[in-house]
Every structure is written in structure tokens, then in C-alpha cells.
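Visitor: I should like a close look at a single part of this model, with the rest of the fold brought in where it helps. Please begin with the chain as a whole.

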Amino acid sequence: MSTYRSLYSFRIEHEYFEDSNGNALMCSVLPSAQKLMTQRGLLFRQTDENEWTILYDTENAGLDTESDIIEFRVLMSEPAFVFYTEWQNFNPMVAYQIDLPIGKSEVNATDVITEIGVKRSFGIPFCTIMIHLTEELWQAAKKDVPLKNTLIFKTPECFWEYVFICQNTNREISSECLKLETDKEILTLQR
């Protein structure tokens, strides 16, 4: 009987959606990559919310660390994803790509995502993740310390200015009387 262990895992997080129960992005393996994974004795599983893992058969896995690349498609499952994401020069009409693994365990996703020059149309995912099955990745997994990367999409910061106009000119309201409350206490008032 085969025993499977973690080869590599990645997470996709978004600051805005971190408290929600759903996923802003969904990830799935491309059919061509599934064929390669079957040949190499690999499995792909979602191991947690927003986390995916490639598992290898400890008895029958064989990788070509020079050329093996597994491709995953990333789809936006939350229509408002782009509105809640800090991303300079985002173009919804083109497809993007991320090459993994990367040297850091956590990274701002928009720092490592690149345009691939393909115009998006029906069936073309918003982003493709390319996992390069390198010798470093393979050796780390065999030592039972598999590599893991976390891609973090940041929420844009906004500056809001509130102007309070007193309707009754006979009464003055001091700034100490004003209070702005939020459910997550993420807003602050400055003088």
C-alpha cells in the first residue's frame, strides 16, 4: 500500500476576506498537469481553506526536477475581489501567472504575479500558478520539511475625510463628542 507525504503546499490569502467563510479564489489542477501528476505518483488536495498541497507516493514517486512543472488555474469566486485588492495596473482583460516555489515563505501576491500577454476570454483563468518541481523542493520533502509558500493579497488603504456640519448654529459640537465606531475597529480619527 502506498504512503503519501507532502511534497509542497501553497496558500492564497486575502486580508479583506480573511474572516469570511468562503474563498475569494478557487484553485484547480489543469488536465495536462493531472496527467503529469499521475505519471509521477503525485496527488493534489485542498488541505485547508485557501490551502492546497501536492502529495507524493513515498514508494513510487519519480520527479524530473529539470523539467517537471505543474500548472494550476486560479479563478475568482468572489466578484468583488478586484475592488478589495491593492493592485497597481491590474488589467481584467489579460491573464496572469505566478511561478512557485519562491524564496520567501510569505509574499505579497501582486509582487510576484506577472502578465503573460494572453487576452482573457471565456475559459481562460484569471491566473495560472506554475509549480516548478525543483531539486530543492524534492530534497526538502524527502527530509520531511516540505516547502510552503503563502501568497497574500493586500487590501487597499483609503483615506476618508469626514466633514460634520452643525445644523443648529446656536450649538457648538466639540470634537471630543464625536465618535466613529466600526465592527472591527479598523478606523481611526485624527485631528
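Visitor: Among contacts in the protein chain between residues at least 6 apart in sequence, what percentage joins residues at least 24 apart? With that settled, please describe the open sheet of 5 strands in detail.

Guide: The figure is 76% of those contacts, a contact being a pair of heavy atoms within 4.5 Å. The model is predicted, with local features requiring pLDDT of at least 70 and side-chain atom pairs pLDDT 80 or more, while totals for chains, interfaces and linings use all residues. Residues are numbered from 1 along each chain as its sequence is written, and side-chain values use heavy atoms, without hydrogens or water.

The protein chain contains 3 helices and 10 strands, taken as DSSP runs of H or I with at least four residues and of E with at least two, numbered from the N terminus. Read from the N terminus, their order is β-β-α-β-β-β-β-β-α-β-β-α-β. Of the 191 residues, 34% are buried, that is, under 20% relative accessible area with a 1.4 Å probe and protein chains only, whereas exposed means over 50% and partly exposed lies in between. The chain exposes about 12,800 Å², of which carbon and sulfur atoms supply 49%; the area comes from the Shrake-Rupley method with a 1.4 Å probe.

The sheet itself has the strand order 2-5-9-6-8 and mixed pairing, where two strands pair if DSSP finds at least two bridges between them. Because strand 2 (25–29) and strand 8 (113–119) each have a single partner strand, one side of each is left without a neighbour in the sheet. Neighbouring strands are turned against each other by 30° on average, direction ignored; the axes are lines fitted to C-alpha atoms, for helices over the stretch in contact, and angles in general run from 0 to 180 degrees between N-to-C directions.

At one of these edges, strand 8 runs antiparallel to strand 6 (residues 94–100), and 4 bridges join the two. One of the bridge pairs consists of I98 and I113, the latter in strand 8. Strand 6 is followed by a loop leading to strand 7 (106–108), and P101 lies in that loop. The L100 to P101 peptide bond is cis, with omega near -5°. In general, most peptide bonds are trans.

Within the sheet, T128 belongs to strand 9 (residues 127–132). T128 has a relative accessible area of 11% and therefore counts as buried. Leaving aside residues up to four places away in sequence, T128 touches E71, F72, Y96, Q97 and I98.

Helix 1 (residues 31–40) lies across strand 2 and strand 5 (69–76), running at about 140° to strand 5. Helix 1 includes K35, which is exposed because its relative accessibility is 58%. From K35 to I70 the C-alpha to C-alpha distance is 9.8 Å, although 35 residues separate them in sequence.

I98 and I113 return in the lining of the largest cavity, together with I12, L25, V74, F126, C127, I129 and F153. The whole structure holds 1 cavity of 30 Å³ or more, and the space in the largest cavity is about 40 Å³. A cavity is a set of points on a 1 Å grid over the protein atoms alone where a 1.4 Å probe fits but cannot get out, and lining residues have an atom within 4 Å of a point. Its volume is the space filled by probe spheres set on the points, which are joined across faces, edges and corners.

Beyond this sheet, strand 4 (51–57) offers a further view of the fold. All of strand 4 is covered, with 7 of its 7 residues buried: E51, T53, L55 and D57 face one side, and W52, I54 and Y56 the other. Strand 4 pairs in the antiparallel sense with strand 1 (residues 4–14) over 7 bridges and with strand 3 over 6 bridges. S9 is the bridge partner of T53, while Q46 stands opposite W52. Strand 3 and strand 4 make a hairpin with 2 residues between them. In this turn, N50 has a positive phi of about 65° although it is not a glycine, and N50 is buried because its relative accessibility is 15%. D144, in the loop between helix 3 (135–142) and strand 10 (147–153), likewise has a positive phi of about 65° without being a glycine.

Notes: On a 1 Å grid over the protein atoms alone, a cavity is a set of points where a 1.4 Å probe fits but cannot get out, and a pocket is an open set with protein on both sides within 12 Å along at least five of seven lines; lining residues have an atom within 4 Å of a point.
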